Amino acid sequence: MGAINAAARTVGLFLALAALSSCTTTELGEGVKSDKTPAPNAAKSEMDIAPLNETDTVTALLQPVAKLKPDTLEAAQHDTKVSKIPYIGAWAADDEGCGKIDEDAYESFAVITPKSIRQFEDNCAIKATLPDDNPTSVQASCKAEPRSITLFITAIGSLQIVNKSGATPVEYVRCQLPK
């Protein structure tokens, strides 16, 4: 009987937490803030943004299309659902960084197309393939030296890149095109 009561309490607690997590700030009451604060460059409505590859919300927006380099545009327009290659895209260190890609002074980004990967001043030729596993390694022919670059999808819209063996992984967020 004790085990049944404990199970019932656990189910009840789970249902209460599920109901609370679906509340808006208004439903939570005065003085309680939601942890879902929109980013400063977040779109005002879904009509302000282009369709996404993986998620329904966008906070990481690139500059207007006219300001993007051809490879950035190609990467951002790539449909990962069709290609099944999740690491192709435009990536930045944070949401705000997405709006700085292709500006001269910004260096915390990666633009990955099926044929290339560009990070700050380093351009590498690659041949994107369907990942056999996560992480995936791609052979890159770079200006400085040929090397293996490891790409690891850590969550929907997140990527880690390790540029050479023993290097510290760098975390990026996927950048989306504004409409």
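This is a short talk about a barrel and its two disulfides.

Okay, hi everyone. Before we start, keep in mind that this is a predicted model.

Let's begin with the barrel. Eight strands close up in the order 1-2-3-4-5-6-7-8, and the pairing is antiparallel. On average, neighbouring strands in this sheet are turned by 30 degrees against each other, if you ignore direction. In case strands are new to you: they pair through backbone hydrogen bonds, either parallel or antiparallel.

So which strand does strand 1 meet across the closure? Strand 1, residues 89–92, pairs with strand 8, residues 170–175, over three bridges. There, A90 has C175 as its bridge partner. Strand 8 also pairs with strand 7, residues 158–162, over four bridges, and L159 stands opposite Y172.

Now hold on to C175, as we're moving to the disulfides. How many does the structure hold? Two.

One joins C98 to C175, with 2.0 Å from S to S. C98 sits in helix 5 and C175 in strand 8, so this pair ties together parts that are 77 residues apart in sequence. The link is left-handed, at -75 degrees about the S-S bond, and both cysteines are buried.

The other joins C124 to C142, also with S to S at 2.0 Å. C124 is in strand 4 and C142 in strand 5, 18 residues apart. These two cysteines are bridge partners as well. Here the torsion is about 105 degrees, so this disulfide is right-handed. Buried or exposed? C124 is buried at 5% relative accessibility, and C142 is buried at 11%.

Last bit: number the bonded cysteines along the chain, and the pairing reads 1-4, 2-3. Thanks!

Key
Residues numbered from 1 in each chain as written. Predicted model: local features only at pLDDT ≥ 70, side-chain atom pairs only at ≥ 80, totals over all residues. Heavy atoms only, no water. Pairing = 2+ DSSP bridges. Axes fitted to C-alpha atoms, helices over the stretch in contact; angles between N-to-C directions. Disulfide = S-S within 2.5 Å. Buried < 20%, exposed > 50% of the residue type's maximum accessible area, 1.4 Å probe, protein only.
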